[in-house]
Amino acid sequence: MFANYLIGLREGLEASLVVCVLIAYLVKTDRRDALKPVWTGIGVAVGLALAFGCVLEFGSQELTFKAQEALGGSLSIIAVVLVTWMVFWMRRTARHLKADLRGKLDAALRMGTGALVATAFLAVGREGLETSLFVWTSVRASGDGTEGPLIGVLLGLVTAVVLGWLFYRGALRINLAKFFTWTGGMLVVVAAGVLAYGFHDLQEADFLPGLTDKAFDITGTIPPDSWYGTLLKGVFNFQPDPTVLQVTVWLLYLVPTLALFLAPVGFASGKGKVKIPDEQGQGARGSRSTDTS
């Protein structure tokens, strides 16, 4: 449940920050007339993400077992690729996110209503589709037949919305670079489990060999239905009897990815708190953004 809460919090907060930046900028520049098309774009993006999640959930139920496993395994790999790119991108660009979004919004304001809708839709839609895909694959990987994984995701999303509102109201300050570094590192660990589970799905679909080649089997020590087995499954997608391929994939992804992610980058040592509505110092931050690209 914690892993799914983290996914909902991390992905939801990114979308919330995007919305905060767009709305706060329009309000502070006295362009309230542009709020309606921006909210329209945001609403369409949220609706698309929900529809995509429903298609994944209910559409897959009509498939045969092997087709479900093949689909789940393939989408798990795609989700891990997208999330890995996202956590690296966000860690690198967190400090100048406002400058990038405001530049796009200024261009859209000059082009008209349709461009505003498209800008808001694209800014939020990417996050929404990534969230739907990764949530679906993670819930599927850590699912134990209960509503726990889904509840964890929903709680994370609610927390993200509340934090976004506090950012907008100026009631909360946070070092976004450090926040996205810590949560990104934890998300890489979660993604490693999702990736290993995805390869196991492909083995069950007979797309990959080695389903009976177990790396180890400690089900007697850590029963899957025990509270600690359930906890490890929910947080790390831990499996007490993984195949050799699962363990290999898990190690080959986790070790180099986590090492690269935690390695120092240009702004990683930057200090100071970021307040979303704050306009001061924007020029300086904007000029530094080119150093990290």
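This is a selection-by-selection tour of a predicted model.

**Whole chain**

Start with the chain in cartoon view. Ten helices and zero strands are present, so the colouring by secondary structure follows the pattern α-α-α-α-α-α-α-α-α-α along the sequence, with helices and strands taken as DSSP runs. The chain has 293 residues, and 47% of them count as buried. Switch to a surface: about 14,200 Å² is exposed, and carbon and sulfur atoms supply 68% of that area. Among contacts between residues at least 6 apart in sequence, 84% join residues at least 24 apart.

**Annotated spans**

Next, select residues 38-58, 70-90, 111-129, 149-167, 179-199 and 247-267, which an unreviewed UniProt entry lists under the feature "transmembrane region". Two of these spans can be inspected end to end. Residues 38-58 are 100% helix and 0% strand, and the end C-alpha atoms of that span lie 30 Å apart. Residues 179-199 are likewise 100% helix and 0% strand, with 30 Å between the end C-alpha atoms.

**Loop between α1 and α2**

Move to aspartate 30, in the loop that runs between α1 (2-28) and α2 (35-60). Its phi is positive, about 60°, although the residue is not a glycine. Is aspartate 30 buried or exposed? Its relative accessible area is 62%, and because exposed means over 50%, aspartate 30 counts as exposed.

Now show the side chains of arginine 31 and aspartate 33. They form a salt bridge, with the closest N and O atoms 3.2 Å apart. Aspartate 33 is exposed at 55% relative accessibility, whereas arginine 31 is partly exposed at 29%. This is one of two salt bridges in the structure.

**Lysine 66 and aspartate 206**

For the other bridge, select lysine 66 and aspartate 206, whose closest N and O atoms are 2.5 Å apart. The pair links distant parts of the chain: lysine 66 belongs to helix α3, aspartate 206 to the loop between α7 (176-204) and α8 (227-236), and 140 residues separate them in sequence. Lysine 66 is partly exposed, with a relative accessible area of 45%. Aspartate 206 counts as exposed at 53%. Check the backbone of aspartate 206 as well: phi is positive at about 65°, although this residue is not a glycine.

**Glutamate 69**

Stay in helix α3 and select glutamate 69. Which residues does glutamate 69 touch, not counting those up to four places away in sequence? The list is Arg140, Asp201, Leu202, Glu204 and Ala205. Glutamate 69 has a relative accessible area of 7% and is therefore buried, the limit being under 20%.

**The aromatic pair**

Continue along α3 (residues 65-93) to phenylalanine 88, and add phenylalanine 261 from helix α9 (residues 244-262) to the selection. The structure holds one aromatic pair, and these two residues form it: the ring centres are 5.4 Å apart and the planes stand at 90°, so the arrangement is edge-to-face. The partners are 173 residues apart, and the pair links distant parts of the chain. Their accessibility can be checked by showing the surface. Phenylalanine 88 is partly exposed, with a relative accessible area of 30%, while phenylalanine 261 is buried at 0%.

**Threonine 183**

Select threonine 183 in helix α7. Apart from residues up to four places away in sequence, threonine 183 touches Leu6 and Arg10. Draw a distance from the C-alpha atom of threonine 183 to that of leucine 6: the separation is 7.5 Å, although the two residues are 177 apart along the chain. Threonine 183 is buried, with a relative accessible area of 5%.

**A nonpolar patch**

Finish on the surface with Leu150, Leu154 and Leu157, which make a nonpolar patch of about 240 Å². Where is leucine 154 placed? It is in helix α6 (residues 148-169). Leucine 154 has a relative accessible area of 47%, so it counts as partly exposed, between the 20% and 50% limits.

Conventions. Residues numbered from 1 in each chain as written. Predicted model: local features only at pLDDT ≥ 70, side-chain atom pairs only at ≥ 80, totals over all residues. Heavy atoms only, no water. Helix = DSSP H or I, 4+ residues; strand = E, 2+ residues; numbered from the N terminus. Buried < 20%, exposed > 50% of the residue type's maximum accessible area, 1.4 Å probe, protein only. Contact = heavy atoms within 4.5 Å. Areas by Shrake-Rupley, 256 points an atom, 1.4 Å probe, with all protein chains shown as cover. UniProt positions renumbered as here; feature names shortened; annotations may be inferred. Patch = residues over 30% accessible without salt bridge, like charges linked within 9 Å, V, L, I, M, F, W, Y side chains within 5 Å. Salt bridge = Lys/Arg side-chain N within 4 Å of Asp/Glu carboxyl O. Phe/Tyr/Trp six-rings, centres within 6.5 Å; stacked < 30°, edge-to-face > 60°.
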